[in-house]
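Biologist: Please take a close look at the interface between the two chains. Then follow the charged and aromatic pairs from there.

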2 protein chains.
Amino acid sequence: MIKKVPLTELKNRMYNFRKQMSISNPEWEIAVIFSKINLYYFTGTMQDGMLIIPRHGEATLWVRRSYERALDESLFPSIEHMNSFRDAAKNINVLPDTVYLETEVVPLALYQRFQKYFPFKNFKPVDPQICAVRAIKSEYELSLIREAGRIHQHVLEELVPEMLQEGMSESDLATKLFSVLVEEGHHGACRFGMFDTEMILGNVCFGESSIYPTYFNGPGGKYGLCPAAPVLGSRDRKLRKGDLVFVDVGCGVDGYHTDKTTTYIFGSPLPQHAIDAHNKCVDIQNEAASMLKPGAIPSEIYTTIMNKLDSEFLENFMGFGNRKVKFLGHGVGLLIDETPVIAESFDEPLQEGMVFALEPKKGIENIGMVGIENTFIVTAKGGECITGYNPGLIPVF
Amino acid sequence: MIKKVPLTELKNRMYNFRKQMSISNPEWEIAVIFSKINLYYFTGTMQDGMLIIPRHGEATLWVRRSYERALDESLFPSIEHMNSFRDAAKNINVLPDTVYLETEVVPLALYQRFQKYFPFKNFKPVDPQICAVRAIKSEYELSLIREAGRIHQHVLEELVPEMLQEGMSESDLATKLFSVLVEEGHHGACRFGMFDTEMILGNVCFGESSIYPTYFNGPGGKYGLCPAAPVLGSRDRKLRKGDLVFVDVGCGVDGYHTDKTTTYIFGSPLPQHAIDAHNKCVDIQNEAASMLKPGAIPSEIYTTIMNKLDSEFLENFMGFGNRKVKFLGHGVGLLIDETPVIAESFDEPLQEGMVFALEPKKGIENIGMVGIENTFIVTAKGGECITGYNPGLIPVF
């Protein structure tokens, strides 16, 4: 009944990680993984515990809770139970000076509790090495991402138009959409790596809501439910004839996400300048997608596209007003916001098996955010779209 | 349209925090808040930024994104825009040696980025002081919690029985329940402070699923959707006649949660030993609730109750098999897992305005988890239940 991550996958991931570590520092000695996402990546189960990876010798998953569930779910060869860090510390004979940790995730207090039993002198970040390994998806991972893309396409392109009803609230659409996504196979979570970022579903916006500012570092905005929980959508904003509907949500299968934005026009057509801006965004997506080939440089894709755009179009492009984001797309996988990013300073060449969401979008005053987003696999022929080909502004009349 | 946290609330919270800080260290100089939950608590808005609280002088909320939304939502007197920490650092003239930080939340890398511009020599935890202040709810906060309790009661006691249909999956019930909770006024999030804990809704379990182990530190278990996303409920486990249904979910209004567990018996009665165990849990809840008075000591409530239970009843009480948790209840508020906890070593007396969830539960082999959970306000007459009086095992035949 439990769909387990195959052992060969786990072995390859560990092999690739060790290789990446040795590239960044041939003298590395030990890495310790705490985050549930990376525990899942390396072991196929996400429990409360830690994975100790020494450069020499076998890696061990130490589980505080639940050890039984870890054994049920994971094919990882070495899983041990611990009541506290003390139990695991007993098994380490010689402690090197430096430990590699997920510094973007591990809180100061957790590090202090860990250090009490593992008195490392200092720590270094293991985040970049793990990101680099996770960026390149295996065939197994791609098959899950393709399945997420299929569900995503079906729900956003085919089912959402039937859900839109005059007078419904954004939150009505958001919860309905969430239910349908899960029913169709979505894994129910929408995960981001950015510090303290909560999303649940994504942005579900009617009209001007999609250009209302949020803390989230993306081109679109949203009202959300309330200041205390800016999630889902507004209860007060009801769907009206003439509204642009903006749906930017994640979908996932067995941990692996796709990212997709679809727009709809409800009840009556948009003004021509909004349609023109939208179509231009679709062209930009397609042009960027054609460049998603092994060897291409993300920063060059970004500047090639951006340099062609005139100042009039750049106004409100990738964010309304001064809320612009400085990227055109981003890696997708176990998290929706993975690296590489299609942005300046990402200068390492693309590789086969990388997956990107491209999301050119432009804010239109009093109307909302037009544009598009789809998820692509890097191939020798350019990005292969796995979330559908509908150009958006789907009419619902 | 935007429901703002009143200025008097914000002022009182800051006053209480400063008082708490001075109790713990009269020489404290500066605290810096990063987590969205605490930013919301002190300022009424949750943005990407930080709140700098000096012992002398005004506190300032520095917002990276979105400054405009912060101004829309918050009545906090001092809100400034920053592009980076550098902008805020310019405004600090003299830096003390020590900064108080949310060490349970702030990741190592965020601290390093912060320290680059704010070169404090060391940090101390501000988590206990904030928890102590947040534990005592104002009338304003209690009114929101009461409203969450009203919705919680209505949905779990009155609406869930109508949702249960033979053959539906746990995930069907979970998404349906999520939609209905939001429709009735729930704020859509279910927040925990424990490291890297993802919940979305809570535990929705049919039969033995509620004793299946999870990483979550609570008495109940659940299958969840899949190893990569142990959220919502299982797609495979369908509701059958004779199932015990276990629903343990959070509900919230404007950030403030209640916590409640209701059980249902579907199609046919449970064996008498399960009913007896359930009733005993209800009695324990009511007995513990009667002790929730100002001045009572949480650890004494815990030991008083636990010492009366015989070894036969203690088997699988508060967790199936070896998965017992060592508490009977916990504080609730902006997070579902707040302090104080009704457990050993919580020796500070209760105060008026504290809010607790009490959750005596017992695992029954092959049947699932019986027991109950409700949320109570500490009053001179004992805990006032705000999530309903239904004793559970609601028959749905």
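Modeller: The interface comes first, then salt bridges, ring pairs and one helix.

This is a predicted model, in which local features need pLDDT of at least 70 and side-chain atom pairs count only at pLDDT 80 or more, while totals for chains, interfaces and linings use all residues. Residues are numbered from 1 along each chain as its sequence is written, chains are lettered from A and ligands numbered from 1 in the order in which they are written, and side-chain values use heavy atoms, with hydrogens and water left out.

Start with the contact. Chain A brings 70 residues to it, and chain B brings 70 residues; contact means heavy atoms within 4.5 Å. The size of an interface is often given as the accessible area lost when the parts come together. Here chain A and chain B bury about 5900 Å² between them. Of that area, 56% is on carbon and sulfur atoms. Buried area is the accessible area (1.4 Å probe) that two parts lose on being put together, summed over both.

Now the polar side of the interface. Between chain A and chain B there are 37 residue pairs in polar contact, both residues at pLDDT 80 or more. A polar contact is a pair of N or O atoms within 3.5 Å; within protein, one must be able to donate a hydrogen and the other to accept it, and residues adjacent in sequence count only if both atoms are side-chain atoms. Four helices of chain A each supply at least two residues of the side that touches chain B: H2 (36-43), H3 (67-73), H5 (108-117) and H8 (170-184). Helices (H or I, at least four residues) and strands (E, at least two) are DSSP runs, numbered from the N terminus. H5(A) gives the largest share of that side, six residues. By type, the side of chain A that touches chain B has 33 nonpolar, 18 polar and 19 charged residues. Ala, Val, Leu, Ile, Met, Phe, Trp, Tyr, Cys and Pro count as nonpolar, Asp, Glu, Lys and Arg as charged, and the others, Gly among them, as polar.

Six salt bridges run between chain A and chain B. A salt bridge is a side-chain nitrogen of Lys or Arg within 4 Å of a carboxyl oxygen of Asp or Glu. One of them joins Arg191(A) to Glu198(B), with the closest N and O atoms 2.6 Å apart.

Over all chains the count is 46 salt bridges. Among them is Lys308(A) with Glu287(A), at 2.1 Å from N to O. Lys308(A) lies in helix H10 (residues 298-308) of chain A and Glu287(A) in helix H9 (residues 272-290), so the pair ties together parts 21 residues apart in sequence. Lys308(A) is exposed, at 51% relative accessible area, and Glu287(A) is partly exposed, at 25%. Buried means under 20% relative accessible area, exposed over 50%, partly exposed in between (1.4 Å probe, protein chains only).

Asp87(A) and Lys90(A) also meet in a salt bridge, 3.9 Å from N to O. Asp87(A) is buried at 19% relative accessibility, whereas Lys90(A) is exposed at 60%.

In chain B, Glu9(B) bridges to Arg13(B), with the closest N and O atoms 2.9 Å apart. The two are four residues apart in helix H1 (residues 7-24) of chain B, so about one helical turn separates them. Glu9(B) is buried at 9%, and Arg13(B) is buried at 2%. Back in chain A, salt bridges that share partners join Asp248(A), Glu359(A), Lys361(A) and Glu373(A) into one network.

Next, the rings. There are 27 aromatic pairs over all chains. Rings of Phe, Tyr and Trp (its six-membered ring) pair if their centres lie within 6.5 Å; planes under 30 degrees apart count as stacked, over 60 as edge-to-face and the rest as tilted. Tyr212(A) and Tyr223(A) have ring centres 5.1 Å apart and planes at 50°, so the pair is tilted. Both residues lie in the loop between strand S7 (202-206) and strand S8 (244-253) of chain A, eleven residues apart in sequence. Tyr212(A) is buried at 15%; Tyr223(A) is partly exposed at 24%.

Phe192(B) and Phe216(B) pair edge-to-face, 5.0 Å centre to centre with 80° between the planes. Phe192(B) is buried at 16%, and Phe216(B) is buried at 16%. A cluster of ring pairs links Phe34(A), Phe85(A), Phe114(A), Phe118(A) and Phe120(A).

Last, back to H2(A). Eight of its eight residues are buried, so H2(A) is largely enclosed by the rest of the structure. Among them are Lys36(A), Asn38(A) and Tyr41(A). Gly44(A) follows H2(A), with a positive phi near 80°.
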